[in-house]
Amino acid sequence: MAHSTNSAVADTAPYAALLLRLAIGVMFLAHGLTKLFVFTPAGTAQFFSSVGFPGFLAYPVMAFEIIGGALLILGVLSRWIAALAAIELFVASTVHWGNGWQFAAPNGGGWEYPVFLAVAAAALALLGDGAYAIKSSSRK
């Protein structure tokens with residue numbers, strides 16, 4: 001077997017981060033817009049209250065999901081947005097812990113999906129902005 005170098009990984013890592021950034025960004029944007037237009041801000045606040053979170057938190061969460069999702073898609077400060085997203089997703093997963101593992105579990109699904117997304121967002125925060133980022137997260 002031929003000895004491989006890390007150059008192939010180094011060459012493709014920015015594109016892997018781009019794909020991850022786009023997937024997470026689209027997911028956040030879709031969830032935020034669903035909260036805004038389908039569930040409505042008042043309905044989302046009522047849901048937050050029903051699961052033990054202060055209802056007013058629905059508004060900054062919706063804003064973060066919409067704005068953060070758009071920023072991830074564009075590649076603006078992606079590491080920082082992804083780090084915040086990982087925290088938000090982990091906290092959101094606590095609503096589902098009592099439902100068990102499966103996504104199809106009663107009462108809004110299981111915890112595996114939000115935990116998986118939290119880990120994916122943390123991975124993006126560690127990987128960096130990826131290819132075609134408009135504003136790098138580095139201190140340059």
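Here are a few friendly notes on this predicted model, from the whole chain down to one loop and one helix.

1. Overall make-up. The chain holds five helices and zero strands, so read from the N terminus its elements run α-α-α-α-α. Of its 140 residues, 34% are buried.

2. Contacts and surface. Taking contacts with a separation of 6 or more, 64% join residues that lie 24 or more positions apart. The chain exposes about 8500 Å², and carbon and sulfur atoms supply 73% of that area.

3. A nonpolar patch. Have a look at the surface around Leu33, Leu36, Phe37, Val38 and Phe39: these residues form a nonpolar patch there, with about 500 Å² of accessible area together. One of them, Val38, sits in the loop between helix H1 (7-37) and helix H2 (41-50). Val38 has a relative accessible area of 58%, which is why it counts as exposed, the cut-off being over 50%.

4. The two sides of H2. Which residues of H2 are buried? They are Thr44, Ala45 and Phe48. Viewed down the axis of H2, its buried residues fall within an arc of 100°, and therefore they line one face of the helix. An α-helix has 3.6 residues a turn, so residues three or four places apart point the same way. On the other side of H2 you will find Ala42, Gln46 and Ser50, which are exposed.

5. After H2. One backbone detail to check on your screen: Gly52, just after H2, takes a positive phi of about 100°.

Methods:
Residues are numbered from 1 along each chain as its sequence is written. This is a predicted model: local features need pLDDT of at least 70, side-chain atom pairs count only at pLDDT 80 or more; totals for chains, interfaces and linings use all residues. Side-chain values use heavy atoms; hydrogens and water are left out. Patches are made of residues with over 30% relative accessible area and no salt bridge: like charges are joined within 9 Å, nonpolar side chains (Val, Leu, Ile, Met, Phe, Trp, Tyr) within 5 Å. Accessible areas come from the Shrake-Rupley method with a 1.4 Å probe; for residues, only the protein chains shown count as cover. A salt bridge is a side-chain nitrogen of Lys or Arg within 4 Å of a carboxyl oxygen of Asp or Glu. Helices (H or I, at least four residues) and strands (E, at least two) are DSSP runs, numbered from the N terminus. Buried means under 20% relative accessible area, exposed over 50%, partly exposed in between (1.4 Å probe, protein chains only). The arc is that of the directions from the helix axis to the C-beta atoms. Contact means heavy atoms within 4.5 Å.
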